[in-house]
Amino acid sequence: MNVRKRLRDQAEAGKQAGMTLAANAKPDKVAMLRALLVSSDGTATIDDATADLAAEFTDGGKWRGTVCRSLAVAGIIDRVAVVKSDRPSRHRGYVTRWRICDRRKAALLLSRLVAAMDSRLSTAATLATAISETPTVAAAGASVQNSLPGFQERNFSMGLLTDILAAGGFGGDAFSNTWNSTQAADEFAPLPAGEYVCHADKGELRNARKGTPGYCLTFKVIEGDLTGRLVWLDLFLTPAALPMAKRDLLKLGIDSPEKMEQPLPAGIRCKVKVGLRRNDSGNETNRVVRFDAVGIDAPTVDPFAPADDSPTTDKLEGGGDES
């Protein structure tokens, strides 16, 4: 009887330990880190722009402010803007756009969270197997397995690398040779201080961490070895800062408050002076010292677009002019 009770207690302890590890691993945080690390511009949006984090959406979604709060405190991400959601159930409600500011920390934390999930599965599976092999406590073993419904099957039914590569048309010796000859990329470092030719890529209304209203400009480098890299400029819309904000917004043709709610015209070429500073976590980041708009670049021509003299675009059937 004592042995049976002890094994039941072990089963319950395993269940509780698994649930605790699952809570600490925070799958939402894992998903957010993965989204940021693979994002082309290092940003991602999440439902956290509310004071009521317990509220739910009609499709079952939930606010996730606590996911980002700890990442921001750790200096891993920084809030860029509050934007309108594209999810139908959110009815264009507000969500927050975050950007990654320390890729190394993000990658390390992600690996730890995933390792914690692996450890939980390994511990729970080992305990469940040991208990299920003892006939007197089969029910207790079942309770451990039921505490992780389908988790092992869903997340760890890994395919063979050869099958995955073959599906993409890249496998065998070609991949092995490429792997061996490829050098691992360096971590993204801030842009060196200096002047860059950029496009004014995007502008978004935002609230800073303490609620200060502002407008965030994203500049994309378009010339040189650092083409494609991004830098940001926050323009604050407080009475004290508005003269400087208006000065910079006018450079981009934003001459009324309503235009701040519209997308920026494409192709605005700017000369952007970039400097360096250290944030509260001691990490070195870029800052835009100043910028000047110097012209408008024509959009890239689509090589597959119809020719300008195509009869299907110039004239209607029958030879009449378009009306």
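Which side chains meet in a salt bridge at 3.5 Å, N to O? Select D78 and R99: their side chains form that bridge. A salt bridge here puts a side-chain nitrogen of Lys or Arg within 4 Å of a carboxyl oxygen of Asp or Glu.

**Before moving on**

This is a predicted model, where local features need pLDDT of at least 70 and side-chain atom pairs count only at pLDDT 80 or more, while totals for chains, interfaces and linings use all residues. Residues are numbered from 1 along each chain as its sequence is written, and side-chain values use heavy atoms, with hydrogens and water left out.

**Stop 1: D78 and R99**

Stay on the opening pair. D78 sits in strand β2 (residues 77–84) and R99 in strand β3 (residues 94–100). The two are 21 residues apart, so this pair links distant parts of the chain. Helices (H or I, at least four residues) and strands (E, at least two) are DSSP runs, numbered from the N terminus. R99 is buried, with a relative accessible area of 11%. D78 is partly exposed, at 24% relative accessibility. Buried means under 20% relative accessible area, exposed means over 50%, and partly exposed lies in between (1.4 Å probe, protein chains only).

**Stop 2: E223 and R269**

Next, select E223 and R269. Their side chains meet in a salt bridge of 2.9 Å, N to O. E223 lies in the loop between β5 and β6, and R269 in strand β7, 46 residues apart. E223 is partly exposed at 41% relative accessible area. R269 is partly exposed too, at 22%. The count for the structure comes to twelve salt bridges.

**Stop 3: helix α9**

Show residues 242–251, which make up α9. Which of its residues are buried? Select A245, D248 and L249. Look down the helix axis: these buried residues fall within an arc of 100 degrees, so they line one face. The arc is taken from the directions from the axis to the C-beta atoms. An α-helix has 3.6 residues a turn, so residues three or four places apart point the same way.

Now turn to the face away from the buried side. P243 and K246 are exposed there. Return to the buried residues of α9 and add their neighbours. They pack against β5 (213–221), β6 (230–236) and β8 (284–296). Contact means heavy atoms within 4.5 Å.

Zoom in on D248. D248 is buried, with a relative accessible area of 7%. D248 also forms a salt bridge with R247, the closest N and O atoms being 3.2 Å apart. R247 is partly exposed, at 46% relative accessibility. Add K251, R290 and D292 to the selection: salt bridges that share partners join them with R247 and D248 into one network. Just after the helix, G253 takes a positive phi of about 85 degrees.

**Stop 4: strands β4, β5 and β6**

Select β5. Seven of its nine residues are buried. One strand over is β4, which runs antiparallel to β5 and is joined to it by nine bridges. Strands count as paired if DSSP finds at least two bridges between them. β4 and β5 form a hairpin with five residues between them. In that turn, G211 has a positive phi of about 95 degrees.

Then show β6. β5 and β6 pair in the antiparallel sense over seven bridges. Click Y215 in β5. L205 stands opposite Y215, and Y215 stands opposite L235 in β6.

**Stop 5: the largest nonpolar core**

Which members of the largest nonpolar core touch the most other members? Select L217, F219, L252, C270, V272 and F291, out of 23 residues in that core. A nonpolar core is a set of buried Ala, Val, Leu, Ile, Met, Phe, Trp, Tyr and Cys residues joined through side-chain atoms within 4.5 Å. β4 (194–207), β5, β6, α9, β7 (268–278) and β8 each supply at least two residues of this core.

Centre on L252. Leaving out residues up to four places away in sequence, L252 touches A200, L217, L264, I268, C270 and F291. For a second, separate core of 17 residues, select members including I46, C68, L71 and I100.

**Last stop: the cysteines**

How many disulfides does a search of the whole structure find? The search finds zero. A disulfide would be a pair of cysteine sulfur atoms within 2.5 Å. Select C270 and C198: the sulfur of C198 is the nearest cysteine sulfur to C270, 7.4 Å away. C270 is buried, with a relative accessible area of 0%. Finish on C216, which is buried at 1%.
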